[in-house]
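Here's a friendly walk through one protein model. Have a look at the picture first, and then we'll go through some of its details together.

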Amino acid sequence: MLSIHINKTIILGNDEHQIMVTANELKVSRENNSIELHITAVPNAFEKIDKSCLFGLQQENRGPILGGEFEDGKNFHLNLKLKKNLNDDFIDFNQDEAFFKESIVTSSSEITSTIFHSLDSWNALSVTQDMDVPANLAGKGSVGFGFKTTWSDLKSTESQLVDYSNQLETLLLKQEVEFQKYTDRDVWKIQVNHPKESWICQIHLMPEVEMIMVVSHRPKTIPLDSIVPVNEYIVRLNYGLVSGSAGVNMDTGELYFKVSGPLVNSESFEATIDFLLRQSTHMYANYLTEVEPLLDETISPKDFLQAREETD
């Protein structure tokens, strides 16, 4: 595969619309006869793309947004795929990388001006935004969320699971984390030994829906006769959360915190896992440990939450 880094501001247009975006990278595969372009659009540009359903982004072509909700003021990343009937001319043209980059900036070639710069030449494979991660994870890759479309070419679920399973176990071994893999499901279990108390953390890999889920749960269940104040506390806690959610099983008394993120690609996998584990551990340690005052009702759920928020 030929990869050409462009990193230039360009204008894409047709008879009705013009938008300014940053062309980041072009990937050309002769073997698969495919050409993909990664672009970044500022919020105003994406608003035009979204409202006018450019790049084939009609609602029926979009999958669900996975891993979060789009935020105002953040850039959007779009991965585009050239329509098949335009591939042959373009694949031969862009083999001269220096000439290709020059012609993109100057629109000096008919190929770039009529094909590359045309809004009608591309279909969107995915639309994502970057998720905010702690500064110490910034060098490990970006964590994104968003949606894929009906044009997205995905590897088989089985193949994806093998790849991600190997990555997950390599990461845990590298960090010297002891883990167990359930034999009947794609879930990895680790024990978190925290100064306040210990709990179980489960990592679920779900490539069939392109998601990772991390669940931290209390080994000891909540007595069912004490579950009402705990449930009120959970409802109050969840109301203020941006991502993730706490919960309690009203039938069994299991108390847990659950957070999920997207399985976008192998490059961002380690950063996504780190982010989800840190978020899950932080939230569980701060809000779901030492809940005995709730169980014996020596403090109200409202006051218990306020006290936890003041020490967070």
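How close do the axes of helix α7 and helix α9 come, and at what angle do they cross? Keep in mind that we're looking at a predicted model. The axes of α7 (residues 269–287) and α9 (residues 301–311) come within 9 Å, with a crossing angle of roughly 125°. An angle like that makes α7 oblique to α9, because it falls in neither the 65 to 115 degree range for roughly perpendicular nor the range over 145 for roughly antiparallel. If you're wondering about those two values, here's the idea: a packed pair of helices is described by the angle between the axes and the distance between them.

Which residues make the contact? On the α7 side you'll find Ala 285, Asn 286 and Tyr 287, and α9 brings Phe 304, Leu 305, Arg 308 and Glu 309. Sorted by class, the contact of α7 with α9 has 4 nonpolar residues, 1 polar and 2 charged.

**Rings**

How many aromatic pairs does a search of the whole structure find? There are 9 of them. For such a pair, people give the distance of the ring centres and the angle of the planes. One of the pairs is Tyr 233 with Phe 304, which is edge-to-face, with 5.1 Å from centre to centre and 70° between the planes. This pair joins distant parts of the chain: Tyr 233 belongs to helix α6 (residues 227–239) and Phe 304 to helix α9, 71 residues apart. Both Tyr 233 and Phe 304 are buried. And Phe 304 has turned up already, as part of the contact of α9 with α7.

Elsewhere, ring pairs link a cluster of Phe 46, Phe 70, Phe 76, Phe 145 and Phe 147.

Rings can have charges over them, too. Here are two cases:

| Charged end | Ring it sits over | Distance from ring centre |
|---|---|---|
| Lys 181 | Trp 188 | 5.1 Å |
| Arg 185 | Tyr 182 | 4.0 Å |

**Two residues in strands**

Let's zoom in on Ser 126, which is in strand β5 (residues 122–131). Is Ser 126 buried or exposed? Its relative accessibility is 15%, so Ser 126 counts as buried. Leaving out residues up to four places away in sequence, Ser 126 touches His 77, Leu 78, Asn 79, Phe 147 and Lys 148. Phe 147 is also in the ring cluster above. From Ser 126 to Thr 150 the C-alpha distance is 9.3 Å, with their positions 24 residues apart in sequence.

Now for Ile 200, in strand β9 (residues 198–206). Ile 200 is buried because its relative accessible area is 15%, and the cut-off is under 20%. Its C-alpha lies 8.2 Å from that of Val 215, and the two residues are 15 apart along the chain. Val 215 is among the residues that Ile 200 touches, along with Lys 189, Ile 190, Gln 191, Ser 216, His 217 and Pro 219, again not counting residues up to four places away in sequence.

**Two positive phi angles**

Most residues other than glycine have a negative phi. Glu 290 isn't a glycine, yet its phi is positive, at about 50°. Glu 290 sits in the loop between α7 and α8 (292–295), and with a relative accessible area of 37% it is partly exposed. Glu 297 isn't a glycine either, and it has a positive phi of about 60°. You'll find Glu 297 in the loop between α8 and α9. Glu 297 is exposed, because its relative accessible area is 59%.

Notes
Residues are numbered from 1 along each chain as its sequence is written. This is a predicted model: local features need pLDDT of at least 70, side-chain atom pairs count only at pLDDT 80 or more; totals for chains, interfaces and linings use all residues. Side-chain values use heavy atoms; hydrogens and water are left out. Axes are lines fitted to C-alpha atoms, for helices over the stretch in contact, and angles run from 0 to 180 degrees between N-to-C directions. Helices (H or I, at least four residues) and strands (E, at least two) are DSSP runs, numbered from the N terminus. Angles under 35 degrees count as roughly parallel, over 145 as roughly antiparallel, 65 to 115 as roughly perpendicular and the rest as oblique. Contact means heavy atoms within 4.5 Å. Ala, Val, Leu, Ile, Met, Phe, Trp, Tyr, Cys and Pro count as nonpolar, Asp, Glu, Lys and Arg as charged, and the others, Gly among them, as polar. Rings of Phe, Tyr and Trp (its six-membered ring) pair if their centres lie within 6.5 Å; planes under 30 degrees apart count as stacked, over 60 as edge-to-face and the rest as tilted. Buried means under 20% relative accessible area, exposed over 50%, partly exposed in between (1.4 Å probe, protein chains only). A charge sits over a ring if NZ of Lys or CZ of Arg is within 6 Å of the ring centre and within 35 degrees of the ring normal.
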